[in-house]
Amino acid sequence: MKNAEYWLWLQNAVGAGRPASQIVDFFGDAETLYKSGKREWYISGLLSKRLMNALSESSPEKFVPVIEKSIKNGWKIITLDDDLYPERLKDIYAPPLVLFVDGSTDALNYPLSVSIVGTRNISDYGFQAADSISYCLAKSGCEIVSGGALGVDSASHLAAMRAGGITVAFLGCGFGVNYLMQNEKMRREIAESGGALVSEYLPGTQASRYTFPIRNRLISGLSLGTVVIEAGLKSGSLITAGEALEQGKDVFAVPGMINDIKFAGTNNLIRDGAKPVFSFEDILDEYKSDYPEYYIPGAEYDNRKKSSNTFTSAERKRTAKTKKAVKKEVPADKKTFAADKTDVKKEKEKSAVPEFLSEKSKSVLSVLSCEPIGTDKISEKSGLPIKDVLQSLTELEIFGLAKSEAGQRYSKF
């Protein structure tokens, strides 16, 4: 964490997801850049007017409290010139100059890492695929990387821990914010079980519709390959797959039903050249020659929770409608299944409004139900203008509390 205040000063001015490699290569490090002064910045021809102004208007001393707060909370700060900095991230476009890590820094340089991403609104099929693939990969010695969100992300992280493996979650927000509090326990256990929570954002940075796509390049960047499970045509996981291709990484996809729009994205990836995955061994086969010591095929899938495990009934409901996926029983008749769905809907409608939401988002959430409703109606019931309604709906979707339906309608997730 040597000279971390200088790196924080530079990263804050540059901005997440923006390249600074040429500047660092020219000046050597952030401290040298700072001490060179504005005249040298201008002569180098590498700094834009915007960046020079941003650097001039700030100072490294401003970020000393960030360092102190991180030390107090046990968060490690890894800078680009640190020996602990993950080697694979150095080779991606716009490698972050600073990473905040909660957990084991060893997890950032794990030899055999695979990222698993997909929809937040996971189906039984998607859950079973994410759970079994992640479990068996982790059991075989593979590290599982994902984004810490609901759906496929949560199923993958939890399965990896259940298998006794290592998992890493890249967050789309800074540490110390009330983001997706229903996953707080899972995040804590990732950090405590030998894995790591990682963010390039300053502590206190709120999640937004922009922070997640920027974050996705890190998920694919730390991994040898990316597996996409259950993704529609507009799924954010396709951004991660695109980043993986840009980085020269492998892309895998679990095929789905050809007439189901929830799988249109994954099926298109296969059509365009992604390797289809029918078993976790389809993934391991790609790396057996380079990582023979980590290649342990034939892992037996166990979907039973351990008595001391964190994979509780409440968490299963949070990641998916999993009852049928885990218990391979004869399906109930349509009437019984419909009744079960109605009970779940009523339970969701009664749930309290999360405290971490903005006041506008709370207002929008309060008028949503399990029955889809148009944005005009939401505006009328909430008393908010359409612009605020749309911004709030985006926030609710990010936090997995609302979902979009056909015809620009929305319902409570």
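## Overall composition

Of the 413 residues in the protein chain, 53% are buried. The structure described here is a predicted model. Its secondary structure comprises 19 helices and twelve strands. Among contacts in the protein chain with a separation of 6 or more, 70% are made by residues 24 or more positions apart.

## The nine-strand sheet

Nine strands form an open sheet with mixed pairing, in the order S1-S2-S6-S5-S4-S3-S7-S8-S9. Its edge strands are S1, covering residues 76-79, and S9, covering residues 275-276, and each of these pairs on one side only. In general, the strands of a sheet pair through backbone hydrogen bonds, in either a parallel or an antiparallel manner.

At the S9 edge, the neighbouring strand in the order is S8. Strand S8 spans residues 250-254 and runs parallel to S9, to which two bridges join it. Within S8 and S9, Phe252 has Lys275 as its bridge partner, the latter residue lying in S9.

## A helix across the sheet

Helix H8, formed by residues 152-162, lies across four strands: S3 (113-118), S4 (143-146), S5 (167-170) and S7 (225-229). Relative to S3, helix H8 runs at about 145°. In the order of the sheet, S5, S4, S3 and S7 follow one another.

## The packing of H10 and H11

Helix H10 (residues 211-221) packs with helix H11 (residues 237-246) at an angle of about 50°, and their axes are 8 Å apart. The two helices are therefore oblique to each other, because an angle that is neither under 35 degrees, nor over 145, nor from 65 to 115 counts as oblique. The crossing in which H10 passes H11 is right-handed.

On the H10 side, the residues in contact are Pro213, Asn216, Arg217, Ile219 and Ser220. They meet Ile239, Thr240, Glu243 and Ala244 of H11. By character, the residues of this contact divide into four nonpolar, three polar and two charged.

## A buried loop residue

Tyr179 is located in the loop between S5 and helix H9, the latter formed by residues 184-192. The relative accessibility of Tyr179 is 3%, so Tyr179 counts as buried, the cut-off for that class being under 20%.

Ala149 and Tyr179 are 30 residues apart along the chain, and their C-alpha atoms are separated by 9.8 Å.

How values were computed
Residues numbered from 1 in each chain as written. Predicted model: local features only at pLDDT ≥ 70, side-chain atom pairs only at ≥ 80, totals over all residues. Heavy atoms only, no water. Pairing = 2+ DSSP bridges. Contact = heavy atoms within 4.5 Å. Axes fitted to C-alpha atoms, helices over the stretch in contact; angles between N-to-C directions. Left-handed = near helix turned anticlockwise from the far one by under 90°. Nonpolar A, V, L, I, M, F, W, Y, C, P; charged D, E, K, R; others polar. Buried < 20%, exposed > 50% of the residue type's maximum accessible area, 1.4 Å probe, protein only.
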